[in-house]
Amino acid sequence: MAAKALQGLKNLPVSERKIDCKPGLTKPCLGKMNGIAEDRPPQNPSLLNYAFTSLLTGLDSKDWVSVCDALNSVRRLSIFHKEETLHMVEKVIPLVVKSLKNPRSAVSKTACMTSADIFSSYNDQIIDQLDLLTSGLFVRQPKKHLTTHVSPTLLLPKLQPCLKNKNPRIRAKASMCFSRSVPRLGIEGIREYGIEKLVQAAASQLSDQLPESREAARTVLLELQSVYTKSKPVESEEEHPEAATWENFCQSNLSPLSAQAVLRVTNVASAAREGPVTRS
């Protein structure tokens with residue numbers, strides 16, 4: 001019975017790359033699969049409800065082919081029926097995470113693509129399930145869709161615990177997502193979020209054992225130094241020039257060793273931008 005429902009869902013179009021849908025038009029959304037446009041099928045609530053029950057069975061199956069079929073059905077539903085299937089996300093995501101950790105590459109890769117479609121479709125609506133999904137996703141390769149489709153204000157607090165994970169690979173992937181998310185806040189967003197909190201988080205990664213974490217931390221710190229320089233109050237700089245410096249800011253908000261490490265990174269970068277000094 002479940003197999004028949006999943007088989008029926010195979011007839012729905014899947015978009016692995018993009019969806020062409022312009023708001024305000026009566027023409028149905030078009031999906032592309034292998035370069036061929038397909039009309040969006042009519043919505044059938046009874047089919048969707050029945051399919052939802054079948055999906056849970058398929059996702060939890062011991063047969064890897066059935067799991068892949070169910071994952072592809074999740075992709076179809078999240079793309080073309082996201083409003084009607086939002087209620088299913090809470091129950092589906094734990095099973096997608098289970099597939100992300102599956103040793104069979106076909107299952108884990110399909111789960112990665114399913115995660116991409118979930119992020120793309122639901123955006124901030126899945127923020128409550130983000131902890132679980134990122135923990136599974138970081139076991140695999142870091143995905144840009146995580147930082148592209150989820151608001152950085154909501155994502156950053158979810159990433160910070162991952163920066164302290166015992167697994168260095170998870171820390172590295174979280175650091176790379178962290179470094180991509182911070183610039184998306186913008187100057188005002190960084191100030192509102194708390195530049196000191198971001199500096200502290202980035203500084204903690206400078207001594208990480210993996211170079212990916214350290215490089216991501218350096219990228220974030222250079223961004224934060226630039227933001228701090230541009231956003232510090234003019235009045236404070238005029239009245240207390242020393243207190244308004246980046247060096248003083250780091251020393252005030254970090255431990256001595258962390259402040260020294262951060263300043264070493266930012267000073268070297270500043271010297272490189274200024275170029276070599278010509279002696280006469």
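Contact here means heavy atoms within 4.5 Å. In this predicted model, aspartate 208 touches Arg171, Ser213 and Arg214, leaving aside residues up to four places away in sequence. The points below cover the setting of aspartate 208 and two helix pairs, α3 with α6 and α10 with α11.

**Aspartate 208**
- Aspartate 208 is located in the loop that runs between α11 (195–203) and α12 (211–231).
- With a relative accessible area of 8%, aspartate 208 is buried, because buried means under 20%.
- A polar atom of the aspartate 208 side chain lies 3.0 Å from the backbone nitrogen of leucine 210.

**Helices α3 and α6**
- Helix α3 (residues 64–80) and helix α6 (residues 105–122) have axes that come within 9 Å and cross at roughly 15 degrees.
- The two helices, α3 and α6, are therefore roughly parallel to each other, and their crossing is left-handed.
- Residues of α3 in the contact include Trp64, Val67, Leu71 and Arg75, while those of α6 include Ala106, Thr110, Met113, Asp117 and Tyr122.
- By class, the residues of the contact of α3 with α6 comprise 12 nonpolar, 5 polar and 2 charged.

**Helices α10 and α11**
- The axes of helix α10 (residues 168–193) and α11 come within 10 Å, crossing at roughly 155 degrees.
- This crossing makes α10 roughly antiparallel to α11.
- On α10 the contact is made by Phe178, Val182, Leu185, Ile190 and Tyr193, and on α11 by Ile195, Lys197, Leu198, Ala201 and Ala202.
- The contact of α10 with α11 has 9 nonpolar residues, 1 charged residue and no polar residues.

Notes:
Residues are numbered from 1 along each chain as its sequence is written. This is a predicted model: local features need pLDDT of at least 70, side-chain atom pairs count only at pLDDT 80 or more; totals for chains, interfaces and linings use all residues. Side-chain values use heavy atoms; hydrogens and water are left out. Helices (H or I, at least four residues) and strands (E, at least two) are DSSP runs, numbered from the N terminus. Buried means under 20% relative accessible area, exposed over 50%, partly exposed in between (1.4 Å probe, protein chains only). A polar contact is a pair of N or O atoms within 3.5 Å; within protein, one must be able to donate a hydrogen and the other to accept it, and residues adjacent in sequence count only if both atoms are side-chain atoms. Axes are lines fitted to C-alpha atoms, for helices over the stretch in contact, and angles run from 0 to 180 degrees between N-to-C directions. Angles under 35 degrees count as roughly parallel, over 145 as roughly antiparallel, 65 to 115 as roughly perpendicular and the rest as oblique. A crossing is left-handed if the near helix is turned anticlockwise from the far one by less than a right angle, and right-handed if clockwise. Ala, Val, Leu, Ile, Met, Phe, Trp, Tyr, Cys and Pro count as nonpolar, Asp, Glu, Lys and Arg as charged, and the others, Gly among them, as polar.
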